[in-house]
Amino acid sequence: MSEIALEAVGLVRRIEGAISHTLVNGIDLAVDKGEFVAITGPSGSGKSSLLYLLGLLDAPSEGEVIICGQPTSKLSENERAKVRLTRCGFVFQFHFLLPEFTSLDNVLLPMRAAGRLSEREMRERGLELLASLGLKDHANKRPNQLSGGQRQRVAIARALSNRPEIIVADEPTGALDTTSTEQVFAILREIADQGRTVVVVTHDPALAARADRRMHIVDGKVHQTLAGRGQAELEAAAPTET
Ligand SMILES: Nc1ncnc2c1ncn2[C@@H]1O[C@H](COP(=O)(O)OP(=O)(O)O)[C@@H](O)[C@H]1O
Ligand SMILES: [Mg+2]
């Protein structure tokens with residue numbers, strides 16, 4: 001039986017001000033453990049806003065985000081931060097690695113913040129993660145000594161460091177060349193196949209096609225959901241309106 005890792009119920013995110021704006025306008029979603037969901041949609045449709053809510057980087061105006069069975073809307077800021085740190089890993093379009101830190105030290109940051117492992121255990125895990133992402137020889141390099149694809153893989157290692165159940169990624173390949181894009185997607189796919197839940201915002205239909213489910217967002221609402229890998233190829237093969 002499948003197990004729901006991440007659930008959103010009636011999610012709304014509104015910005016109140018001189019001009020109020022609804023970024024996310026009533027989204028329901030349940031993502032299984034090990035499922036890979038791709039979110040697509042036009043620019044400004046609320047994809048990033050939704051992802052920040054799902055990863056507890058932001059709090060909804062209405063609705064609930066349930067992470068591994070735990071509702072999060074009533075948690076204090078400290079409790080939310082703890083759930084976020086241990087259960088959610090983030091990958092952004094730009095790597096956001098600390099420039100003065102080596103790859104390894106960047107990967108160690110979330111582990112240090114969680115404080116669950118000894119220094120030796122953290123370093124072992126950090127090196128293991130970097131090696132598993134093909135960065136064995138780059139552990140002691142700083143971000144500016146790495147290529148874009150390598151930096152993004154360090155960012156993925158950092159996201160995985162606390163063994164989060166959920167990985168959210170916001171256009172993680174948006175600034176990468178084709179080869180690195182392919183690598184990053186293969187890695188994210190593998191992360192899901194190993195039993196984690198992956199939610200990725202992407203503009204690339206070929207990449208979205210490799211997800212288990214695609215959710216197309218327009219104006220902060222789910223416009224269309226497509227299930228199954230390969231759905232995009234079917235569509236691409238179909239005659240299109242001109
Ligand atoms: N903090 C904010 N205040 C006001 N408007 C915002 C804020 N954050 C995002 N927006 C606007 O909300 C809309 C949705 O943004 P976003 O979630 O970033 O969309 P996407 O990731 O799909 O491009 C956009 O029109 C954006 O300009
Ligand atoms: Mg965005």
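Reader: In β6, which residues point one way and which the other way?
Author: Strands (E, at least two residues) and helices (H or I, at least four) are DSSP runs, numbered from the N terminus. A residue is buried if 20 or more other C-beta atoms, placed from the backbone, lie within 10 Å of its own, exposed if 12 or fewer do, and partly exposed in between. The four residues listed for β6 are all buried: Cys-88 and Phe-90 point one way, and the other way point Gly-89 and Val-91.

Reader: What pLDDT do local features need here?
Author: Residues are numbered from 1 along each chain as its sequence is written, while chains are lettered from A and ligands numbered from 1 in the order in which they are written. This is a predicted model, where totals for chains, interfaces and linings use all residues, side-chain atom pairs count only at pLDDT 80 or more, and local features need a pLDDT of at least 70.

Reader: Which residue in β7 stands opposite Gly-89?
Author: Two strands pair if DSSP finds at least two bridges between them. β6 and β7 have four bridges, running in the parallel sense. Across from Gly-89 in β7 you find Ile-167.

Reader: How many of the 13 residues of α5 are buried?
Author: The buried ones include Val-154, Ile-156 and Leu-160, along with Arg-151, Arg-153 and Arg-158. Helix α5 is largely enclosed by the rest of the structure, because the buried count among its 13 residues is 11.

Reader: And what do those buried residues of α5 pack against?
Author: Packing here goes by contacts: two residues are in contact if their C-beta atoms, placed from the backbone, lie within 7 Å. The buried residues of α5 pack against two strands, β6 and β7 (166-170), and also against α3, α4 and α6 (178-193).

Reader: How far does α4 reach from its first C-alpha to its last?
Author: Helix α4 covers residues 119-132, so to speak a run of 14 residues. The expected span of a helix is 1.5 Å times one less than its number of residues. For α4 that gives 20 Å, and the model comes close to it, with a reach of 20 Å.

Reader: Within what arc do the buried residues of α4 fall?
Author: The buried residues in α4 are Met-122, Gly-126, Leu-129 and Leu-130. The arc is that of the directions from the helix axis to the C-beta atoms. Seen down the axis, these buried residues line one face of α4, because they fall within an arc of 95 degrees.

Reader: Which residues on the other side of α4 are exposed?
Author: The buried residues of α4 pack against α3 (103-114) and α5 (148-160). On the other side, the exposed ones are Arg-120, Glu-121 and Glu-124.

Reader: Is Leu-146 buried, exposed or partly exposed, and why?
Author: Leu-146 sits in the loop between α4 and α5. Leaving aside neighbours within four places in sequence, its contacts are His-138, Lys-141, Arg-151 and Val-154. Because it has 18 C-beta neighbours inside 10 Å, Leu-146 counts as partly exposed.

Reader: Which strands are at the edges of the open sheet of four strands?
Author: The order of this sheet is β2-β1-β4-β5, with antiparallel pairing. β1 (residues 4-15) is joined to β2 by nine bridges, and Glu-7 stands opposite Ala-30 in β2. Pairing on one side only, the edge strands are β2 (21-32) and β5 (70-71).

Reader: Which residue in the turn between β9 and β10 has a positive phi?
Author: β9 (213-218) and β10 (221-227) pair in the antiparallel sense over six bridges, with Val-222 as the bridge partner of Ile-217. The two strands form a hairpin with two residues between them, and the one with a positive phi, about 50 degrees, is Asp-219.

Reader: Which element gives the most to the shell around ligand 1?
Author: A residue is near a molecule or strand if its C-beta atom, placed from the backbone, lies within 6 Å of it. Around ligand 1 are residues including Ile-15, His-21, Gly-46 and Lys-47. β2 and α1 (47-54) each supply at least two of them. With three residues, the one that gives the most is α1.
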